[in-house]
Amino acid sequence: MSEEDAGVVDSGAEPPFPDSLWADQAPAPHALLGPVLGFLGVWRGRGRGGYPTLDGGFGYAQEVRFSHDGRPFLRYEARAWLLDDEGAPLRPAARESGWWRLQPDGRVEALVTQPTGITEILVGHAGEGAVELATHSVALTPTAKDVTATRRRYTLADAGTLDFVHDLAAVGQPLQHHLSATLRRAAGQSTPPTSSWNSSVQ
């Protein structure tokens, strides 16, 4: 192997095109990302959840990360952990990752995969500081729980606050409220959406 080839496979090298949590740093965001630039960054906070098949409600903490590499999609990552009555961490909970693919007029196509064997394709719309997504289709591994639909809403209450609501239809239950959380910006883009961003999604 030549020295040049060795450099290509150097396991310690940083990726040449890293993801960004910012809209005003390189790489420049794609124009189609305009309606969702305010979501860029790392968000952390707490929420409450419940479902008819569970024994009571529960509290949880969550971290959500949105980044981009200059192309017309956001990379999405989320992880949560359950909290006890005093707010101390109990154990890991939901994790998921995927992509928000932005289309003209603020349309969004999202792919979300969970380690529990569930992959969702969602479609929706971004505008006025909010993204609403609803299930287009669900793929399940043979051992996954039966999930038939979800609905998600992400709302920027302000430049530093992200509200999240998640409805779920699963294990024979109709679509209904499952999770809600309020997250605070921990890192990344801090510029709120402007009227020019929103004008492209009306």
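Two strands count as paired if DSSP finds at least two bridges between them. With that in mind, select β8 and β9: these strands form a hairpin with two residues between them. The model on screen is a predicted one.

**Whole chain**

Colour the chain by secondary structure. Two helices and ten strands should appear. Followed along the sequence, their order is α-β-β-β-β-β-β-β-β-β-β-α. Of the 202 residues in the chain, 41% are buried.

**β8 and β9**

Return to the hairpin and select residues 147-158 for β8 and 161-170 for β9. The two strands run antiparallel and are joined by ten bridges. To check the register, pick Thr 150; the bridge partner of Thr 150 in β9 is Leu 168. Is β9 mostly covered or mostly open? Eight of the ten residues of β9 are buried, so the strand is mostly covered, where buried stands for under 20% relative accessible area.

**β9 and β10**

Add β10, residues 176-187. β9 pairs with β10 over eight bridges, in the antiparallel sense. One place to look is His 166, which stands opposite Leu 179 in β10. β9 and β10 also form a hairpin, with five residues between the strands. Select Val 171 in that hairpin and read its backbone torsions: phi is positive, near 40 degrees.

**β10 and β1**

Keep β10 and add β1, residues 41-49. Here too the strands run antiparallel, and eight bridges join them. Pick Arg 48 and look across to Ser 180, its bridge partner in β10.

**The largest pocket**

Now show pockets. The largest pocket has a volume of about 880 Å³. Which residues come closest to the centre of the largest pocket? Of the 34 lining residues, they are Ala 94, Gln 114, Thr 116, Leu 168 and His 178. Leu 168 has already been on screen as the partner of Thr 150.

To see where the lining comes from, select β2 (58-67), β3 (73-83), β4, β6 (118-127), β8, β9 and β10; each of these supplies at least two residues. The largest share is that of β3, with five residues.

**Arg 75 in β3**

Stay with β3 and select Arg 75, which is found in this strand. Why does Arg 75 count as partly exposed? Its relative accessibility is 32%, and the class covers values between 20% and 50%, so Arg 75 falls inside it. Then select Arg 65 as well. The two arginines are ten residues apart along the chain, and 7.8 Å separates their C-alpha atoms.

**A patch on the surface**

Last, switch to a surface view and select Trp 99, Leu 111 and Ile 121. These residues form a nonpolar patch on the surface, and their accessible area together is about 250 Å². Trp 99 lies in β4, residues 89-102, a strand that also contributes to the lining of the largest pocket. With a relative accessible area of 39%, Trp 99 is partly exposed. Patch members need over 30% relative accessible area, so Trp 99 at 39% meets that cut-off.

Methods:
Residues are numbered from 1 along each chain as its sequence is written. This is a predicted model: local features need pLDDT of at least 70, side-chain atom pairs count only at pLDDT 80 or more; totals for chains, interfaces and linings use all residues. Side-chain values use heavy atoms; hydrogens and water are left out. Patches are made of residues with over 30% relative accessible area and no salt bridge: like charges are joined within 9 Å, nonpolar side chains (Val, Leu, Ile, Met, Phe, Trp, Tyr) within 5 Å. Accessible areas come from the Shrake-Rupley method with a 1.4 Å probe; for residues, only the protein chains shown count as cover. A salt bridge is a side-chain nitrogen of Lys or Arg within 4 Å of a carboxyl oxygen of Asp or Glu. Helices (H or I, at least four residues) and strands (E, at least two) are DSSP runs, numbered from the N terminus. Buried means under 20% relative accessible area, exposed over 50%, partly exposed in between (1.4 Å probe, protein chains only). On a 1 Å grid over the protein atoms alone, a cavity is a set of points where a 1.4 Å probe fits but cannot get out, and a pocket is an open set with protein on both sides within 12 Å along at least five of seven lines; lining residues have an atom within 4 Å of a point. Grid points are joined across faces, edges and corners, and a volume is the space filled by probe spheres set on the points.
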